[in-house]
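Here are my notes for anyone opening this one for the first time. I've kept them short, so have the view up while you read.

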Amino acid sequence: MKSGAVVCFGEMLLRLAPPGARMMVQAQTLDMVVGGAEANVAAALASLGHETRMVTLLPQSPLGDKARADLGAAGVDTRFIARAPGRMGLYFMEAGAGLRPSSITYDRAGSAFALSEPDALDIAGALEGAALLHMSGITPALGPKGVALADAAIAAAQAAGVPICLDGNYRAQLWESWDSDPRSILTRLVGAATVLIGNHRDISLLLGKTFSGDGAERRREAVDAAFDAFPNLQLVASTARHIVSSDHHRIAARVDTRQGKHQTAEIDVTGIVDRIGTGDAFAAGVLHQYLQGAGEQAMAECGLALAALKHSLPGDFCLIRPDELAGFSAAGGDVRR
């Protein structure tokens with residue numbers, strides 16, 4: 001059991017989406033929810049009973065107030081959220097239906113967080129007594145200032161002796177919007193991580209070598225290459241998703257350590273309400289068991305269960321309680337009374 005808070009570091013966003021499965025061109029109104037990859041993990045772990053702290057910077061505006069209030073209502077410690085003038089990062093989502101996929105349009109350039117300096121955030125203070133720092137590859141994808149923020153978070157965690165979990169979360173739209181070098185930047189960050197949430201495609205990007213995701217042994221080949229390249233790395237967790245239609249996916253999960261591995265059976269996830277945040281739910285499920293010292297099977301199965309449940313919830317946050325997670329069945333079930 002690892003005692004202490006999980007500190008999550010990254011940008012918070014507002015999601016704006018037409019209700020139902022409407023396209024933007026059909027919209028008369030937009031629904032708004034709070035999210036962001038790292039905030040999603042913080043909220044999910046808080047719902048599972050962990051102490052979590054969010055480190056970010058929000059604009060001094062009603063939108064910033066909304067983001068902080070919703071995260072606090074989810075049980076996350078918001079004391080380390082800084083405020084400054086500026087704008088809130090947004091993204092617009094058109095929910096898919098049938099054979100029409102969902103699509104996302106970012107409107108986050110020049111946000112208060114993306115323009116902030118590392119010394120505006122009390123990262124060291126948030127890490128006092130922490131068990132883990134969770135961050136993602138989205139922060140450095142925001143631009144040079146995002147790279148500086150990510151480097152500062154890594155340096156603070158190393159100085160405090162706090163292990164790091166990095167979710168690759170590769171966002172091509174963000175990296176391609178500036179003169180970036182994602183391979184070298186992410187390689188530096190992953191080199192400091194103990195836990196990597198990422199699959200064979202992430203490892204291919206990092207190592208400049210193509211790895212196949214077909215079959216358990218080929219996935220292990222990619223993981224072994226990552227373990228060889230990154231001595232600090234101890235755990236790699238990933239999912240494999242086969243999309244049948246917008247509301248029917250087949251998903252399996254895998255956890256590899258240097259000592260062992262476990263890959264779950266594939267399950268059918270149907271009647272999908274919202275796919276956004278499911279990868280963050282998977283990360284939270286893995287970390288929920290990791291923080292308790294569990295083995296590869298428990299981590300993989302918990303991650304898969306939480307990810308599957310998140311598909312049934314609207315919004316970015318996965319607010320599943322421990323009893324609901326314990327009662328998960330891939331077959332669904334009757335009303336619990």
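1. Start with strand S4, which covers residues 52-59 and gives the most to the lining of the second largest cavity, with 4 residues. Keep in mind as you look around that this is a predicted model.

2. Who else sits around that space? The lining of the second largest cavity is made up of Glu11, Met12, Thr56, Leu57, Leu58, Pro59, Arg87, Met88, Gly89, Ser111, Ala112 and Phe113. Sorted by class, that gives 7 nonpolar, 3 polar and 2 charged residues. The volume of this second largest cavity comes to about 40 Å³.

3. How many cavities of 30 Å³ or more does a search of the whole structure find? The search turns up 2. The largest cavity has a volume of about 60 Å³, and helix H7 (182-190) and helix H8 (200-207) are the elements that give two or more residues to its lining. H8 has the largest share there, with 3 residues.

4. If you want to pick out the residues around the largest cavity, select Leu166, Gly168, Leu186, Val190, Leu196, Asp202, Leu205 and Leu206. By class, this lining has 6 nonpolar residues, 1 polar and 1 charged. Gly counts as polar in this scheme and Asp as charged, so Gly168 is the polar one and Asp202 the charged one.

5. Now for the cysteines. How many disulfides does a search of the whole structure find? The count is 0. Cys8 is in no disulfide, and the nearest cysteine sulfur to its own, that of Cys165, is 8.8 Å away. Cys165 is likewise in no disulfide, with the sulfur of Cys8 as its nearest cysteine sulfur. A disulfide needs the two sulfur atoms within 2.5 Å, so a pair 8.8 Å apart doesn't qualify.

6. Are these two cysteines buried or exposed? Cys8 counts as buried because its relative accessibility is 0%. Cys165 is buried as well, with a relative accessible area of 0%.

7. Last stop: Glu324, which you'll find in helix H12, residues 322-326. A polar atom of the Glu324 side chain lies 2.8 Å from the backbone nitrogen of Arg321. Is Glu324 buried or exposed? Its relative accessibility is 19%, and buried means under 20%, so Glu324 counts as buried.

Note on methods
Residues are numbered from 1 along each chain as its sequence is written. This is a predicted model: local features need pLDDT of at least 70, side-chain atom pairs count only at pLDDT 80 or more; totals for chains, interfaces and linings use all residues. Side-chain values use heavy atoms; hydrogens and water are left out. Buried means under 20% relative accessible area, exposed over 50%, partly exposed in between (1.4 Å probe, protein chains only). A polar contact is a pair of N or O atoms within 3.5 Å; within protein, one must be able to donate a hydrogen and the other to accept it, and residues adjacent in sequence count only if both atoms are side-chain atoms. On a 1 Å grid over the protein atoms alone, a cavity is a set of points where a 1.4 Å probe fits but cannot get out, and a pocket is an open set with protein on both sides within 12 Å along at least five of seven lines; lining residues have an atom within 4 Å of a point. Grid points are joined across faces, edges and corners, and a volume is the space filled by probe spheres set on the points.
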